[in-house]
Amino acid sequence: CIILLGGCASEPNQEVNIIPQPQQVTVADGGFYLSPKTVINVVKGADDLQPACTFMSTLVEKSFGKALAVENGETKKNAINIFVDPSMKADAYDLTVEKNAVNIKGGSSKAVFYAMQSLRQMMPVGVEKGEKMDRIRIQNVKILDEPRLGYRGTMLDVCRHFFTVDEVKTFIDMLALHKLSVFHWHLTDDQGWRIEIKKYPELTQIGSQRKQTVIGKNTGKYDGTPYGPYFFTQEEIKEVIQYAADRYITIIPEIELPGHALAALATYPELGCTGGPYEVCQMWGVFPEVFCPGNEKTFEFWEGVLDEVAELFPGEIIHIGGDEAGKGAWKTCPKCQGLMRRNGMKDVDELQSYMIHRAEEFLISKGRKLIGWDEILEGGLAPEATVMSWRGEEGGIKSARMGHDVVMTPGGYMYFDFYQADPKTQPYAIGGYTPIKRAYSYNPVPVDSLTAEESKHILGVQANTWTEYIKDEQ
């Protein structure tokens, strides 16, 4: 926390510690003293600067007892002067701290917000804690910065263990602190359906709760405690979307298909190949129960769900999962085999591809783009799909060579549910080992494997936080 929040910035000539490390940092002697009389002064603005100004105004309110005033006018002393310069790159900013003022120039309101996050990290930790101060010293410095890649995301799974609206907002605050641009919200899985769908109210009446939860790593022992019903209403989701938007973060919702479907199948067993019975899963892992593509009602259900999801979430991209789908049931299901014969499919991989194609066609009709885990490559990739490469980089490299956009999220670097230090000193985790140094070292553009043109398809990078063994915010 000392590094992230600039814990010693109250001392003269302090080294400036900001994460992610800016492109250019030049430290100068002296500092600016921010006080309750300091104003946020918009010299040259943009229509959507209000969230950025409100953020900085209220950040220091806990310390000063009052928020900073926001004004419009010519450049002033004892002010945070803001300039929006459309000639700059949209996410680039120039932050200059001098004795008499702080000057922020950004290519957009989002870039101004990123500059304010850097300013925030240069303040003493007490500002975040709400300790009372008469003034806050900020080191004199000039920072020129812009993100290398546009997609900078983190995923939170709320299915295995649920997190409240306030906890999700805290998670979003952590993304904002690090200038991340995407929140990937994993909303459905075997262990719980967490999003209200008005057309299918039973999904949250039945699918949002499980009878009990396994103890440890599928030990065969259970806690005997019902879990749920836990889900987000559509009004709560709208609230979170706005909260993220005010921090210049886009939310990508994930609705799992065709696998990780037990919460949905427990609600509507007719959508599975066997007809059930199914139940919301009490264990962790990968299970053979999947949606039945030979049943046209499956696609009617998906379209009903995705229609409401597209209405709720304004972002362009919707995640459909596509990972770890057990295909064994399709090999013996008469409906699935009949569909394969009618369409001349050679194997069940092509059946999965058929399903992903249909999901993409529907999302395109709603003005949306499909993204899925790298298993959506199996049997042939949908024409405009984006691939999230989690089983190493191979799926991402293959997709980029095919001309498809890619988000890199390889487990060996980007799975934040892994141990982050010696397991003997850490809370129980799913396994793996991802210390901060390893995660921070990751280069998402495999230049040795892709040409310069192919590399343009690497949109960015994402960390994933699965919650089988993360029970609460602490």
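**Questions on a predicted model**

Biologist: Let's start near the end of the chain. Which helix is S455 found in?
Modeller: S455 belongs to a helix made of residues 452-455. Keep in mind that this is a predicted model. The helix that holds S455 is α17.

Biologist: Is S455 buried or exposed?
Modeller: Its relative accessible area is 15%. The cut-off for that label is under 20%. Since 15% falls below it, S455 counts as buried.

Biologist: What does S455 touch?
Modeller: Set aside residues up to four places away in sequence. What S455 then touches is V445 and L450.

Biologist: What is the N to O distance in the salt bridge between K456 and E453?
Modeller: Both K456 and E453 are exposed. Their side chains meet in a salt bridge, and the N to O distance is 3.2 Å.

Biologist: How confident is the model, and where does pLDDT stay under 50?
Modeller: The protein chain has a mean pLDDT of 94, and 97% of its residues reach 70 or more. Where pLDDT is low, the predicted coordinates shouldn't be read in detail. The stretch where pLDDT stays under 50 has 30 contacts beyond four places in sequence, and it is residues 1-11.

Biologist: On to the strands. How many strands close into a barrel?
Modeller: Their order is β8-β9-β12-β13-β14-β15-β16-β17, with parallel pairing. From one strand to the next, the twist averages 30°. Counting along that order, the number of strands is 8.

Biologist: Which residue in β12 stands opposite H186?
Modeller: Strand β9 (residues 182-186) pairs with strand β12 (residues 250-257) in the parallel sense, over 5 bridges. H186 falls within that β9 range. Across from H186 in β12 stands E254.

Biologist: There's an open sheet too. Which strands stand at its edges?
Modeller: The sheet has 7 strands in the order β1-β7-β5-β6-β4-β2-β3, and the pairing is mixed. Each edge strand has a single partner, so one side of each is left without a neighbour in the sheet. The twist in this sheet averages 20° from one strand to the next. The edge strands are β1 (24-34) and β3 (69-72).

Biologist: What is the bridge partner of V97 in β7?
Modeller: Strand β5 (residues 93-97) and strand β7 (residues 136-145) pair in the antiparallel sense over 5 bridges. V97 is in that β5 range, and its bridge partner in β7 is V141.

Biologist: What angle does helix α2 make with β2?
Modeller: Helix α2 (residues 50-59) packs on the sheet, touching β2 (39-44), β3 and β4 (79-84). Its direction makes an angle with that of β2 of about 160°.

Biologist: And at what angle does α4 run to β5?
Modeller: α4 lies across β4, β5, β6 (101-106) and β7. Its angle to β5 is about 40°.

Biologist: F113 caught my eye. How far is its C-alpha atom from that of L177?
Modeller: F113 has its place in helix α4 (residues 109-121), and it counts as buried at 1% relative accessibility. Beyond four places in sequence, its contacts include A52, F55, A176 and R247. F113 and L177 are 64 residues apart along the chain, yet their C-alpha atoms are separated by 10.0 Å.

Biologist: Which residue meets D173 in a salt bridge?
Modeller: D173 is in helix α6 (residues 165-177), and its partner is in the loop between α8 (234-245) and β12, 74 residues apart. D173 counts as partly exposed because its relative accessibility is 26%, whereas the partner, at 17%, counts as buried. The N to O distance is 3.1 Å, and the partner is R247.

Biologist: How far apart are the end C-alpha atoms of α6?
Modeller: Many residues of α6 are buried, including V165, F171 and I172. With 13 residues at 1.5 Å a residue, the helix should span 18 Å. The model agrees, because its end C-alpha atoms are apart by 18 Å.

Biologist: Last one: which residues are linked with R391 in a network of salt bridges?
Modeller: R391 forms a salt bridge with D374, the closest N and O atoms being 2.5 Å apart. R391 counts as partly exposed at 41% relative accessibility, whereas D374 is buried at 2%. The structure holds 22 salt bridges. In this network, R391 is linked with K327, D349, D374 and E378.

Terms used
Residues are numbered from 1 along each chain as its sequence is written. This is a predicted model: local features need pLDDT of at least 70, side-chain atom pairs count only at pLDDT 80 or more; totals for chains, interfaces and linings use all residues. Side-chain values use heavy atoms; hydrogens and water are left out. Two strands pair if DSSP finds at least two bridges between them. Helices (H or I, at least four residues) and strands (E, at least two) are DSSP runs, numbered from the N terminus. Axes are lines fitted to C-alpha atoms, for helices over the stretch in contact, and angles run from 0 to 180 degrees between N-to-C directions. A salt bridge is a side-chain nitrogen of Lys or Arg within 4 Å of a carboxyl oxygen of Asp or Glu. Buried means under 20% relative accessible area, exposed over 50%, partly exposed in between (1.4 Å probe, protein chains only). pLDDT is the predictor's confidence in each residue, from 0 to 100. Contact means heavy atoms within 4.5 Å. The expected span of a helix is 1.5 Å times one less than its number of residues.
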